[in-house]
Amino acid sequence: MKNKKNLLYILGSIIFFALVALIYCSPVLSGKSIIQPDIINYRGSAEEMLTYQEQTDDHVYWSNAMFGGMPTYQTGAQYDFDLIKGIDKVIRFLPMPADYIFLLFSGFFILGLTLLKKWKYALTGSIFFAVGAYFFIIIAAGHNAKVHTIAYFAPLVAGILLLYRKKYISGFVLTTLFMGLQLQANHIQMTFYLFLVMLVFAIFQFIADLKAKQLPDFFKASGLVVVACIIALGLNASRLLSTYEYSKETTRGKSEMSLLKTNTEGLDHDYITQWSYGKLETLNLFIPNLMGGSSMSSEEDLANYYGQLQNLYQNIGDDEFNQQVFQALAQQPRSTYWGEQPGTSGPAYQGAIVVFLFILGLVMVKGHYAKYKWWLLSATVLSILLAWGKNLQWLTDIFVDYFPMYDKFRAVSSILVMAEFTMPLLAIITVYYFINEEKDDQYKTKILTVVGGATVVILGILYLGADAIFPFQSSTDKYMTDQFMSLIGQANPNAIGFWQSTLQQLDQALIADRVSMFRADTVRTLIFVLCTVALLFAYQKKYIKNTTIVVLALGGLALIDGLFVNKRYFNEENFVSSYIVDNPFPTELSVKLESEANSNNNVAQIAYKVPLNKALSDLAQSDKGQYRVYNTTQSTFNEAGTSFFVHSIGGYHAAKLGKYQDIIDLYFSNDPRAKKYGITDESGMINVLNMLNTKYIVHGSIQEPKIEVNPTAFGNAWLVGKTKVVNNANEEILALNNTFLEEEVIVRNDIAKQLPQTITPDSTAQIKLTSYSPTKLVYQAKSTTDQIAVFSEIYYPHGWKATVDGQEVEIVKANYILRAIPLAKGNHEIVFTYEPSVISTGKTIMIASNILLIAILIGGIFFGYKNCKDKNEDFKSVA
């Protein structure tokens, strides 16, 4: 009877999670969908792949849609025999994004049941974890793979903890299944961060087992973890093998070129640490608006600033110069955010209750659960220190330079996901310990009094002394003021005094807005802390005797706390008509689109690009050939809308090919350091555009785009009669700046011998593309002498094969990023096909791993049922 009752509570908890997720995302129930900036870019980058997959009913692993061409492994590629993805789809039965929120809750619920065994603690722990602001912020941004991976953290940890508690069958089943599901979610950076958490755990577990002389148990459990991970890797073999192969060629791999680089392997230190959390900013785990929240602020948030600006407008008079300065000032975006990051969508707020209970647990928890405390504390501290990035450079440098894989990941601030997992876990352990540890009631009361009192005092001091303790100004504020004063001084020195005083008043108004936000959230945090302390005291003093009421009340408070903060960053505005989400690149301003654009900023941004979309769509309809477009109306290498319509030399992806990024850095980024290498004008950029067959250049503006034909584009392929031999990668990329590439090909000396050394000119020689698909290109060529064919296709050393008249030939890397092959005189058919062996190898491994997973699941169910049956029979015999 008791077991049935527990099962009902567990089922009720799961239904509760689903209801919370659906209520939070309630617009999906009325035909709306979430609009996510990153997913819009994904749609642009994946359109060619999706179109060809629909036409051919086959998987496509290469696309020419962006960056001149790249594998689709990280832009939505699908794989055969992907059983683990099928299981994931079953688990994610709710509409998106409610499915991710449900996963966050239910995954931690499994861990709570595993660790604490009682549904009420598992339920409240799930709330502590799942309502973390960071998770909702990244859902709003469209970082779906990231939150998807994080959602599988907790159940995977549950499986691993079971193994170390000698529950080998259930632990092995859970570890295998959820490791497979996490890898399937396909965000290796987040999986790596969980690995760091569990590495810390393994160290503490090893020390504990060493002291207890139980090392064989440690190695047995560790061995099973390794086996489970190997099977999980096999379940994702095609996905992981292709990613691994691709990663070596991306910006995260080793680079042969050293120009403009601080290191030649992995990402540059500056790039890795660009988004570093400020040391003080870490406190926004506890007080959400400590640093002003999001860097995109509303007029309501900036009431004092805009009020002061309005007063300035009314008092500025008719002076033409002052009016011009005012207009420039009014158009300058200001933000309540005053942290050290270049920008942020919101704070990593984990909850006032969670952080308070975490701190309380550090002091209070002892005995059996102390080993978890020290593990979780250590992992939390490591997470915070590494999130500081360049603000704790020596530690970051150690990890970047010496810790495997750490230099492959950017945005170190995201490593706070470690703390966002460990803090809620210790928080619920603290609640469990406080209620169930019957000894030392006096000790618990004392600790609660001291920690609670100290927290209240600190929050009170912060509230009262906010403007004296914190500067509430950022380096960006000072830079903007200095820039304005410099321009005013140059244009009208007589106005310096007036504007210096005026800008100071505006800065003070901005500070007042920030102080106001800080104080409001400090009071908010204080209220939740006082409620938590009151509940625990009430239970301790027997005013509340029912433990379920106390535990669920804490969960209810945490739910209110988290969801109300999350609504600041992810709310009804993130949902729009499904039609708009399904068609994010409209070519006409319909009445419905215009209507929604008037009330929703996300839709307004889509509507704003209609003229550009229309121009690109018309271009695609009028010229159905194969060519590329250079779109300068937007940030060329940070948008994928162009790729939705035509092939682009730009695009949007964090893991583009490394050699292509080298070209961008040297010839398109206007880096002043390039001048010392002789790149002083646009001749090199023009050469690159021509060899990439950039037939059209879009300039003007998004609202008034102008498409210009580039008459010097070389076409899809061309024949050359000369070779320029260089010694290394630096010379090869620099040679693009001053070589007539239509007649001369640049090759490295180690591969020059594969090409003809002398070529007799043939004015009648020609080559043309006769058939195109992303993974198969057919050319016809004819000449009366031997030639070198250069193709306006990106060189990628894995998977591409070339044949000349049916005979396979080697593809030569030329012009730093292109393909070339030698051609004998005569008429020839050249065929390029993309047949990556890594996919076929992965398929074989996945089939074998699927069989293993099915056997493991069946075996787990069988032994689980047998154990339950044996326990019931033992119970009956005793009765």
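**Exercises on helix α16 and the nonpolar cores**

In helix α16, the buried residues (under 20% relative accessible area, with a 1.4 Å probe and protein chains only) are A352, I353, V354, V355, F356, L357, F358, L360, G361 and M364. The model is predicted, so local features need pLDDT of at least 70 and side-chain atom pairs pLDDT 80 or more, whereas totals for chains, interfaces and linings use all residues. Residues are numbered from 1 along each chain as its sequence is written, and side-chain values use heavy atoms, without hydrogens and water.

**Exercise 1.** Work out how many residues of α16 are buried, and which helices they pack against.

*Solution.* Begin with the count, which is 10 of 13 residues, so that α16 (a DSSP run of H or I, at least four residues, numbered from the N terminus) is mostly covered. Then follow the contacts (heavy atoms within 4.5 Å), which lead from these buried residues to α5, α17, α19, α20, α23 and α24.

**Exercise 2.** Compare the expected span of α16 with the distance between its end C-alpha atoms.

*Solution.* The expected span is 1.5 Å times one less than the number of residues. For the 13 residues of α16 (352-364) this gives 18 Å, and the end C-alpha atoms are 18 Å apart, which agrees.

**Exercise 3.** Find which helix gives the most residues to the largest nonpolar core.

*Solution.* This core (buried Ala, Val, Leu, Ile, Met, Phe, Trp, Tyr and Cys residues joined through side-chain atoms within 4.5 Å) has 165 residues. The helix that gives the most to it is α19, with 15 residues. Apart from it lies another core of 82 residues, among them M257 and L692.

Definitions and conventions:
Helices (H or I, at least four residues) and strands (E, at least two) are DSSP runs, numbered from the N terminus. Buried means under 20% relative accessible area, exposed over 50%, partly exposed in between (1.4 Å probe, protein chains only).
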